[in-house]
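Trainee: I should like to learn how to read the features of a protein model in an orderly way. May we begin with the structure itself?

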Amino acid sequence: MKYSAVFYWLIGIAIAAMAIAVSFHFDDSVREFMMQHQNPAMRNFMRYVSLFGDWPTHAAAGLVLLGLAWRRGSEEWTRIFLAMLLAMMLAGVTGTVIKRTVPRARPSVHTETRWGGPRFSSKYHSFPSGHVDASTAFFGVLIVARRRVGLACLPIPILIGFSRMYIGAHYLSDVVCAAVLGTLCALVVAHFLLLQIANRQSKRRWRRG
C-alpha cells in the first residue's frame, strides 16, 4: 500500500514538473495569442470572472456552506467545507510568500526584466496567480472528498485561470504553477483533516464491532 502511494506521488510530481516546464516555454506564445484575440465583450466577461473568482468570493461561499452543514448536523460535510477553507488559506499564504520572495512583473507591465522588482507592489505579484491557487485548493479538497461533485466544479478554477491570462494579469506559467500549488495544499489538508479523521472513525467502528 505504501509503495503504491509513493509510486502515485512520483507520477504526480513528474507530471507537475513537465507541466511547469512546458508552461514556461509557451509563456510568450500564449500571451501573444491572448493579445491577438481580444474582444470587448469577452474582455468584460473575463473581468467579471476575475473579479468574482478571487478568494473573498470563495471564502464567503465556503463559510455559508459550512454554516448550513453545521446547522443541519452533517459532520461529514462540515469537515469537508472546513478543509476547503483551510486549504484555500494555506494556498493563499504560501502564494503570497512566493510573490514577495520572487517578484515577477505582470504581462501588462512594460519592463525589460520580468523577474525582480518591488516586493510590495501588486504590479510585480504575477507569480503565482493568487486567484488560481486559492480556487484550485478550494475545489481540490472537494475532488478528494467527493470526486463527482468536485470534478463538476473543476471548470470554475480553469475559467478563472483563463480569465487572468486574458486580461493580462498573469502568464501561463503563473497559472500552471498556482494550480500545482493549490493542488498540493488541497492534498495536504485533505490528508490531515479528512483522511486521518476518517481512518480514526473506521478504527473506532471496527473496535466496537
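**Reading an aromatic cluster and its surroundings**

Mentor: Phe24, Trp115 and Phe127 form one aromatic cluster. Please bear in mind that this is a predicted model.

Trainee: How many aromatic pairs does the count come to?

Mentor: The count comes to 7 aromatic pairs. One of them joins Phe24 and Trp115, with 6.4 Å from centre to centre and 35 degrees between the planes, a tilted arrangement. The reasoning requires two cut-offs: ring centres must lie within 6.5 Å, and planes under 30 degrees apart would count as stacked, while those over 60 would be edge-to-face.

Trainee: Which parts of the chain does this pair link?

Mentor: The pair links distant parts of the chain. Phe24 belongs to helix α1 (residues 2-25), whereas Trp115 lies in the loop between α5 (75-101) and α6 (130-145), 91 residues apart.

Trainee: Are Phe24 and Trp115 buried, partly exposed or exposed?

Mentor: One compares the relative accessible area with two limits: under 20% is buried, and over 50% is exposed. Phe24 has 33% relative accessibility and therefore counts as partly exposed. Trp115, with 38%, is partly exposed.

Trainee: How many residues of α6 are buried?

Mentor: Of the 16 residues of α6, 12 are buried, so that the helix is mostly covered. Among them are His131, Asp133, Phe138, Phe139 and Leu142.

Trainee: Why does the end-to-end distance of α6 agree with the expected span?

Mentor: The expected span is 1.5 Å times one less than the number of residues. For the 16 residues of α6 this gives 22 Å, and the end C-alpha atoms are 23 Å apart, so the two values agree.

Trainee: What does the secondary structure of the whole chain come to?

Mentor: The chain has 9 helices and 0 strands, in the order α-α-α-α-α-α-α-α-α along the sequence. Its C-alpha trace spans about 65 × 40 × 30 Å along the principal axes.

Trainee: What percentage of the residues of the chain count as buried, and what share of its contacts join residues at least 24 apart?

Mentor: Of the 209 residues, 37% count as buried. Among contacts between residues at least 6 apart in sequence, 73% join residues at least 24 apart.

Trainee: What do carbon and sulfur atoms supply of the exposed area, and how far apart are the mean positions of the charges?

Mentor: The chain exposes about 13,000 Å², of which carbon and sulfur atoms supply 67%. The chain carries 24 positive and 9 negative charges, and their mean positions are 14 Å apart.

Definitions and conventions
Residues numbered from 1 in each chain as written. Predicted model: local features only at pLDDT ≥ 70, side-chain atom pairs only at ≥ 80, totals over all residues. Heavy atoms only, no water. Helix = DSSP H or I, 4+ residues; strand = E, 2+ residues; numbered from the N terminus. Buried < 20%, exposed > 50% of the residue type's maximum accessible area, 1.4 Å probe, protein only. Contact = heavy atoms within 4.5 Å. Areas by Shrake-Rupley, 256 points an atom, 1.4 Å probe, with all protein chains shown as cover. Lys, Arg positive; Asp, Glu negative; His and termini not counted. Charge placed at Lys NZ, Arg CZ, Asp CG, Glu CD. Phe/Tyr/Trp six-rings, centres within 6.5 Å; stacked < 30°, edge-to-face > 60°.
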